[in-house]
Amino acid sequence: MDNNKNSHDVQDDSKESAFYVDAAKYWEQVPPTVDGMLGGLSSISDIDLKGSQRFLNSIFQLISCPGKERALDGGAGIGRITKGFLMNNFAIVDLVEQDQQFLKEAEKSLASTNHRGQFFNIGLQKFTPELGVYDIIWVQWVLGHLTDEDLVRFLKRCRTGLKQNGLIVLKENLTSSGEVEMDHTDSSVTRPPSLMHELIQKADLRVIKEQKQQRFPSDLYEVRMFAIQPI
Ligand SMILES: C[S@@+](CC[C@H](N)C(=O)[O-])C[C@H]1O[C@@H](n2cnc3c(N)ncnc32)[C@H](O)[C@@H]1O
């Protein structure tokens, strides 16, 4: 038995769980508002949702385009994306979010709408979607909270949740330095585009469309949308 290796693994495991625990603690003290979701930048929410709608429209133009029955909002927070965009396109939208307070707020604010869908209070690193039910799995501004390994495993599980012609959309901040940048305040990482591509490939998925979000303030990280499908 290699004692050194084992003690190294234990250290890695506890570092990894600290990464998730610290993020959960950070989000616990964030108010359940659009401003809270966007780090004080609620002013960009409309531009973001419009950019997402345009991207989705272009996906619906594809020859083998996804259906419009059921979507999943991954890392949904208070349901900003479900309410402001996904519900306008899909009959059913399920939400998955690790923070109970945010999910309760989402349930409350969606109760007075014609929203249909389920609420899952669990981290994406543990979540497994139902088999073959989703036309779109939309995952935005949350993947920096997963380790590379969990991100690949999560994407692999998402593949099994897709219907025929279904696809996953990732919308995330990206670094331009070519490096992974760690944010110790909210316990997240921001990845360079090359790493995003590598992780997508490792999950046996391929990018069929990629687009930069336009009209965001220039001092923010670049934000890109990736539409990805099983190889
Ligand atoms: C920047 S907010 C974005 C929320 C939403 N996607 C939006 O754009 O309005 C990040 C969200 O990810 C959630 N989150 C953080 N770590 C997570 C994890 N491991 N699994 C699921 N959700 C997570 C936070 O609780 C928070 O609601």
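## Phe 120 and its ring partner

In this predicted model, Phe 120 has a relative accessible area of 23% and is therefore partly exposed, because a residue counts as buried under 20% and as exposed over 50%. Phe 127, by contrast, has a relative accessibility of 5%, so this residue counts as buried.

The rings of Tyr 26 and Trp 27 can be described in a similar way: their centres lie 5.0 Å apart and their planes meet at 85°, so this pair is edge-to-face, a term used when the planes are over 60 degrees apart. For Phe 120 and Phe 127, the ring centres are 5.4 Å apart and the planes stand at 45°, so the pair is tilted.

## Other aromatic rings

The count of aromatic pairs in the model comes to seven. Ring pairs also join Tyr 26, Trp 27 and Phe 102 into a cluster. Within that cluster, Tyr 26 is partly exposed, with 22% relative accessibility, whereas Trp 27, at 14%, counts as buried.

Another ring, that of Phe 60, has a charged residue over its face: Lys 68 lies there, at 4.4 Å from the ring centre.

## Surroundings of the ligand

There are 19 residues around the ligand, and those that come nearest are Gly 75, Arg 80, Glu 97, Gln 98 and Gln 125. When the residues of this shell are sorted by type, nine are nonpolar, seven are polar and three are charged.

Several contacts to the ligand involve backbone atoms of the protein. A polar backbone atom of Gly 75 is 2.8 Å from a nitrogen atom of the ligand, while a backbone N or O atom of Leu 124 lies 2.9 Å from a ligand nitrogen, and for Gln 140 a backbone N or O atom is likewise found 2.9 Å from a nitrogen atom of the ligand. On its own the ligand has 590 Å² of accessible area, and the protein covers 96% of this.

## Asp 94 in strand β2

Asp 94 belongs to strand β2, which runs over residues 92-97. With a relative accessibility of 0%, Asp 94 counts as buried, because the cut-off for that term is under 20%.

What does the side chain of Asp 94 make a polar contact with at 2.7 Å? One partner is the side chain of Arg 70, at 2.7 Å, and the side chain of Asp 94 also reaches the backbone nitrogen of Gln 118 at 2.7 Å.

Note on methods: Residues are numbered from 1 along each chain as its sequence is written. This is a predicted model: local features need pLDDT of at least 70, side-chain atom pairs count only at pLDDT 80 or more; totals for chains, interfaces and linings use all residues. Side-chain values use heavy atoms; hydrogens and water are left out. Rings of Phe, Tyr and Trp (its six-membered ring) pair if their centres lie within 6.5 Å; planes under 30 degrees apart count as stacked, over 60 as edge-to-face and the rest as tilted. Buried means under 20% relative accessible area, exposed over 50%, partly exposed in between (1.4 Å probe, protein chains only). A charge sits over a ring if NZ of Lys or CZ of Arg is within 6 Å of the ring centre and within 35 degrees of the ring normal. A residue is near a molecule or strand if one of its heavy atoms lies within 4 Å of it. A polar contact is a pair of N or O atoms within 3.5 Å; within protein, one must be able to donate a hydrogen and the other to accept it, and residues adjacent in sequence count only if both atoms are side-chain atoms. Accessible areas come from the Shrake-Rupley method with a 1.4 Å probe; for residues, only the protein chains shown count as cover. Ala, Val, Leu, Ile, Met, Phe, Trp, Tyr, Cys and Pro count as nonpolar, Asp, Glu, Lys and Arg as charged, and the others, Gly among them, as polar. Helices (H or I, at least four residues) and strands (E, at least two) are DSSP runs, numbered from the N terminus.
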